[in-house]
Amino acid sequence: MGESLPLWPARASSMAAQTDALVLFLVAVTGFFTLVIFILIFSFAMKYRKEKHPVAADILGSNVLEVTWSIIPFGIFMMMFVWGAIVYMQEVRPPANAMEIFVVGKQWMWKFQHQEGQREINQLHVPLGRDVMLTMISQDVIHDVFIPAFRVKRDVLPGRYTTLWFRAIKPGRYHLFCSQYCGTMHSGMIGEVVVMEPAAYQAWLAGGNAEGSLASTGQKLFQQLGCATCHRFDTQGRGPNLVGVYGKPVLLDDGRTVTADDNYIRESVLTPGAKVVAGFKPIMPSFNGTVNEEQLLSLVAYVKSISQPEQRQPASNRPAVPAPAPATPKGR
Amino acid sequence: MSSTVTTAAVERTNYLNVDYSLKSWLLTTDHKRIAILYMLSITAMFFIGGAAATLIRLELLTPAGDLMSSDTYNKMFSIHGIVMVFFFLIPSIPATLGNFLVPMMIGAKDLAFPKINLASWYMYITGAGLMLYVIATGGVDTGWTFYPPFSSTYSNTHVIAAIIAIFIAGFSSIFTGFNFIVTIHRMRAPGMTWSRLPLFIWGHYATSVIMVLGTPVVAIALSLIALERAFHLGIFDPRMGGDPVLFQHLFWFYSHPAVYIMILPSMAVVSEVVSTFSRKRVFGYYAVALASVMIAVIGFLVWAHHMFVAGISPYAALVFSLLSYFVAVPSAIKVFNWTATMFKGSITLSTPMLYSMGFIGLFTMGGMTGLFVASLGVDVHVHDTYFIIAHFHYIMVGGAVMGYLSGIHFWWPKMTGRMYPEVWGKIAAGTIFLGFNLTFFPQFVLGYLGMPRRYHAYPEEFQVLNVMSTAGASILAVGYVLPLIYLMWSLRYGKVAEDNPYRATGLEWRTPSPPPTENFAETPIVTWDAYDYSSLPEED
Amino acid sequence: MHDSAHVVEQPGLRHHFADMEQQRASATLGMWVFLVTEIMFFGGLFLAYLVYRSAHFGAFAIGSEHMDFWLGTINTVILLCSSLLVALSVHAVQVGKTKLCAVLLLIAALCGVGFLGVKGVEYYGHYQEGAVPGPYWHLDLPQGTDVQNVQMFFYIYFVMTGLHAIHVTIGIGLLAVIAWFAWKGRYSPAYHNPVHVSGLYWHFVDVVWIFLYPLLYLISAKKA
């Protein structure tokens with residue numbers, strides 16, 4: 001038997017207290033009404049037992065009561081909805097300038113990729129007090145990243161990026177569970193989030209990665225695969241110039257306008273014919289089968305790194321040398 | 001041939017003894033016999049699903065996955081879910097009590113389509129048989145939810161066969177559904193207007209509408225998975241530009257209303273039982289009838305609350321959360337109305353009444369926790385954890401199964417002509433209530449702590465709560481075996497039942513126990529409301 | 001089932017119904033409810049079509065251009081005519097012309113067979129062209145086409161028309177059986193539920209095709 005009987009998870013993120021407050025409100029309200037029902041039923045069963053109350057009253061109903069006990073619960077439910085929605089809208093929208101870490105899930109392990117180039121398997125180091133955004137994709141089936149101490153969860157899908165964000169407020173080590181059934185070792189797909197003081201995190205980052213930042217890996221791949229041949233940094237290319245494109249709207253040849261986000265970049269590499277930029281011919285070959293998810297993430301990181309400064313920036317633009325992360329954490 | 005006065009037992013011709021041959025049972029078109037056939041089949045499936053649950057809870061006694069391999073464990077929870085949902089809960093009350101009572105309660109001789117009724121049982125048996133074959137030859141490990149790409153591409157088990165089994169059983173559901181709808185519309189006895197219908201009928205009508213509209217959608221969703229497996233290519237495959245989340249939409253479009261298929265009939269039973277044992281009309285008849293219909297309608301609009309973290313747009317999530325709170329209102333109304341029915345009643349705490357009171361309490365708890373998971377802020381944390389498992393078991397087991405047991409006990413005298421031993425009935429009801437709460441309440445805590453569902457092995461800090469849950473499950477198991485024993489015992493040794501031992505008001509109680517094959521010697525002419533206790537013949 | 005002395009005054013009246021009117025109304029309502037389930041069944045596929053088409057209109061238009069417009073149109077005409085014949089057959093039995101009813105039903109069933117034949121020819125054409133998704137795919141498409149989603153179009157096309165063809169086959173069997181009973185004189189102006197109800201089924205199968213045809217054959221890449 002375990003030495004302790006935990007009854008409540010740790011509160012290790014900025015969302016935890018808010019989620020818990022909502023839950024405690026729900027416990028109080030639902031507990032109260034449940035108790036009322038239980039007490040009424042129990043006391044009616046006693047007070048109106050056949051032996052004590054041989055003749056039942058003949059009551060059809062009461063419209064007033066029906067309306068009352070429809071409207072009051074409805075009002076309470078709407079309060080619950082609104083409060084839940086408020087918490088949720090914070091949880092689901094990553095703050096601007098959150099530092100981005102990429103996650104690739106596969107049966108049955110987690111691969112984490114820091115912008116600075118650090119790679120981790122099943123363990124994720126993050127700094128205390130920084131907004132962290134996980135951009136996630138699966139290589140095979142649907143997985144899910146769940147960090148109970150942070151009160152966050154999001155499915156990790158094949159074929160499309162999903163995101164999750166948190167700000168850790170307490171150093172420590174916390175469970176990261178896969179919580180979408182994914183096959184044999186689903187319950188073995190457990191990771192650990194290690195929250196470190198900022199200084200310790202910097203030291204860890206600098207601690208060892210010869211490959212260079214993710215964006216620089218992407219840049220090398222961009223050259224290697226011949227992307228630079230068509231996607232020149234001027235107007236002469238057979239493909240659109242990608243500088244500044246990230247996060248901006250793009251006009252397509254069928255008249256639609258889409259935003260050049262992570263999923264757009266990934267789709268353009270794998271199935272370029274799906275969305276052809278207006279004014280260009282559909283001649284880009286598909287790299288489906290040539291690049292894996294991690295390589296795609298590095299290309300995405302590279303394209304982001306050559307975008308305008310006011311867009312979401314990774315921690316570093318410069319290849320080879322891991323740059324220090326901004327010293328001041330963003331205030332809320 | 002029909003008399004209302006019972007003499008010492010025996011051998012007035014009724015639907016049971018009119019012909020004892022096997023052929024007369026296997027080729028029957030009598031809705032009452034078909035109900036019995038269903039009752040035997042679903043009881044068998046219940047215990048098979050229960051066996052899987054037993055193995056699951058035994059494995060979860062220890063943090064390590066040491067009782068069976070991971071693959072076997074994954075098959076256990078998949079089989080438990082598939083068997084319990086598709087082969088027990090969905091048919092349970094409608095196919096047994098519904099088949100038996102719907103024609104009788106409206107004063108008809110049979111359902112509108114008796115041969116289709118028999119066909120529905122054969123479809124059920126075929127599906128169940130195929131499912132048993134799947135279990136015996138290696139099982140299926142996709143979970144009852146069959147999410148792709150795992151189910152379509154990566155699983156190595158009998159997925160297609162399991163899907164075919166469910167597809168066939170789905171036809172059984174659809175046939176039952178449209179049989180009830182047509183029967184209730186067209187075959188009511190003279191004077192049995194819509195507003196005189198027992199609430200049992202209203203509940204089954206709403207249930208049938210859901211069966212008819214929802215089942216085909218899960219049929220096509222699962223068929224597409226089967227096709228994808230067979231041709232190694234499919235519309236949910238991201239490698240073909242497909243979206244696995246589309247499956248989830250199609251699947252849950254049925255599977256959420258499915259939970260209302262599972263609960264509305266139990267609620268229908270509770271209305272009858274609480275009224276009878278309070279000797280009082282159901283408080284707010286129209287409100288309860290309307291609430292049944294509203295649950296069925298709104299229930300179709302909330303499916304994506306199972307997908308809040310699946311990658312849907314936040315704005316969609318907001319809409320589905322809002323609608324999920326809407327659907328809670330009619331359920332709350334029903335609970336208040338049943339409670340008010342007991343007010344100033346004249347109450348007998350019989351076994352069926354105890355089960356129904358247990359239903360109200362446990363359904364309330366389950367429904368309240370539904371308010372938690374409808375809340376987006378909370379669901380992000382508790383989705384796919386034991387909190388969800390606890391929530392739906394409170395409703396499915398604490399609610400639906402207790403409602404089923406309430407109904408079985410209530411109408412047992414009518415169906416079999418025998419009374420069960422009341423003392424054992426109460427002991428079993430209490431055992432089930434206690435065992436159930438001990439099993440599932442700790443799971444709320446486990447879930448909030450973060451223990452994910454479908455986990456074969458788990459971190460050590462979750463062990464104490466798991467042990468409590470397994471201990472409860474062992475008590476619950478005893479509670480379920482008890483009725484099996486004493487109900488079978490009563491068939492031979494139980495006291496012979498009167499026509500209307502509980503002095504209830506339904507038309508079914510104005511026939512002998514057990515009834516003759518044609519139900520009524522003469523078509524009844526109804527001039528009284530449901531639950532009008534003054535309409536009963538004089539007390540002795 | 002043992003009835004007490006029950007004089008069967010009306011041919012075809014089942015014992016649990018009070019009168020023919022109740023039986024007729026029940027059978028009709030039953031078939032309508034069943035058709036609603038069929039609508040929901042096909043509905044899942046229409047939803048998938050809707051979702052993928054709105055995401056990848058261009059690819060769907062290209063796929064549609066590879067459909068054989070004339071074969072599809074011929075099939076539409078065949079089914080519409082067969083529905084007319086079925087409607088006429090119901091009318092025929094209502095006025096007592098049961099042999100005519102049987103003949104009309106038979107011809108309608110044969111139209112169904114013709115429909116399946118044309119579909120077979122079409123499928124074979126797709127196969128030859130390389131438009132069957134999977135290992136036999138070799139459809140000639142311009143470079144840079146979103147091949148994945150053209151495949152998706154064809155996959156959905158095969159599943160939807162395949163499911164429809166299964167229903168046509170069931171309908172053919174149903175019409176043939178009813179035609180046989182009609183020829184044998186089982187139906188009359190007083191009792192012809194099965195003709196009416198089978199007719200409903202056939203009309204439904206026709207209506208599904210009326211939706212499939214424009215969605216699959218008539219998409220154009222020209223901008224709206």
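Start by selecting chains A and B together: their contact takes 76 residues from chain A and 76 residues from chain B. Keep in mind while you click around that this is a predicted model.

**Stop 1: the A–B contact**

Color the side of chain A that touches chain B by element. Helix 1 (16–47), helix 2 (63–92), strand 6 (143–147), strand 7 (152–156) and strand 9 of chain A each put in at least two residues. Which element of chain A gives the largest share? That's helix 2 of chain A, with 17 residues. Now recolor this side of chain A by residue class, and you'll get 45 nonpolar, 19 polar and twelve charged residues.

**Stop 2: the A–C contact**

Next, bring up chain C. Here eleven residues of chain C are in contact with ten residues of chain A. On the chain C side, helix 2 (57–65) and helix 5 (147–183) each supply at least two residues. Helix 5 of chain C gives the most, with three residues. By class, the side of chain C that touches chain A has two nonpolar, seven polar and two charged residues.

**Stop 3: chain A on its own**

Hide everything but chain A and zoom out. You're looking at seven helices and twelve strands. Along its principal axes, the C-alpha trace of chain A spans about 95 × 55 × 40 Å. The radius of gyration of chain A is 27 Å, whereas a compact globule of 332 residues would have one near 20 Å. Buried residues account for 41% of the 332 residues in chain A. As for contacts in chain A between residues at least 6 apart in sequence, 68% of them join residues at least 24 apart.

Color chain A by domain: domain 1 covers 17–92, domain 2 covers 99–206 and domain 3 covers 214–305. The C-alpha centres of domain 2 and domain 3 of chain A are 26 Å apart. Where they meet, eleven residues come from domain 2 of chain A and eight residues from domain 3 of chain A. On the domain 2 side, strand 1 (99–106), strand 2 (109–114) and strand 5 (131–138) of chain A are the elements that give two or more residues. That side divides into four nonpolar, five polar and two charged residues.

**Stop 4: the five-stranded sheet**

Stay in chain A and select strands 4, 10, 9, 6 and 7, which form an open sheet in that order, with mixed pairing. Strand 4 (123–127) and strand 7 of chain A are the edge strands, each pairing on one side only. Looking along the sheet, you'll find a twist that averages 25 degrees from one strand to the next.

Zoom in on strands 9 and 10 of chain A: they run antiparallel and are joined by five bridges. For one spot to label, A:Tyr174 stands opposite A:Val193 in strand 10 of chain A. Then add helix 3 (residues 198–206) of chain A, which lies across strand 4 and strand 10 of chain A and runs at about 130 degrees to strand 4 of chain A.

**Stop 5: around A:Met189**

Select A:Met189, in the loop between strand 9 (172–178) and strand 10 (191–196) of chain A. Is A:Met189 buried or exposed? A:Met189 is buried, because 25 other C-beta atoms lie within 10 Å and the cut-off for buried is 20 or more. Leaving aside neighbours within four places in sequence, A:Met189 is in contact with A:Trp108, A:Met109, A:Trp110, A:His143, A:Cys178 and A:Cys182.

From that list, pick A:Trp108, which sits in the loop between strand 1 and strand 2 of chain A. Check the peptide bond from A:Gln107 to A:Trp108: it is cis, with omega near -5 degrees.

**Stop 6: backbone oddities**

Most residues other than glycine have a negative phi, and most peptide bonds are trans. With that in mind, go to A:Asn122, in the loop between strand 3 (119–121) and strand 4 of chain A. A:Asn122 has a positive phi, near 65 degrees, and is partly exposed, with 15 other C-beta atoms within 10 Å.

Finish in chain B. B:Arg279, in the loop between helix 9 (244–278) and helix 10 (285–298) of chain B, also has a positive phi, about 50 degrees. B:Arg279 counts as buried, with 24 C-beta neighbours inside 10 Å. Last selection: B:Pro148 and B:Pro149, joined by a cis peptide bond with omega about -5 degrees. You'll find B:Pro149 in the loop between helix 5 (114–136) and helix 6 (150–154) of chain B.

Notes. Residues numbered from 1 in each chain as written. Chains lettered and ligands numbered in written order. Predicted model: local features only at pLDDT ≥ 70, side-chain atom pairs only at ≥ 80, totals over all residues. Contact = placed C-beta atoms within 7 Å. Helix = DSSP H or I, 4+ residues; strand = E, 2+ residues; numbered from the N terminus. Nonpolar A, V, L, I, M, F, W, Y, C, P; charged D, E, K, R; others polar. Buried ≥ 20, exposed ≤ 12 C-beta atoms within 10 Å, placed from the backbone. Pairing = 2+ DSSP bridges. Axes fitted to C-alpha atoms, helices over the stretch in contact; angles between N-to-C directions. Rg over C-alpha atoms; globule rule 2.2 N^0.38 Å. Domains from an automatic or database assignment.
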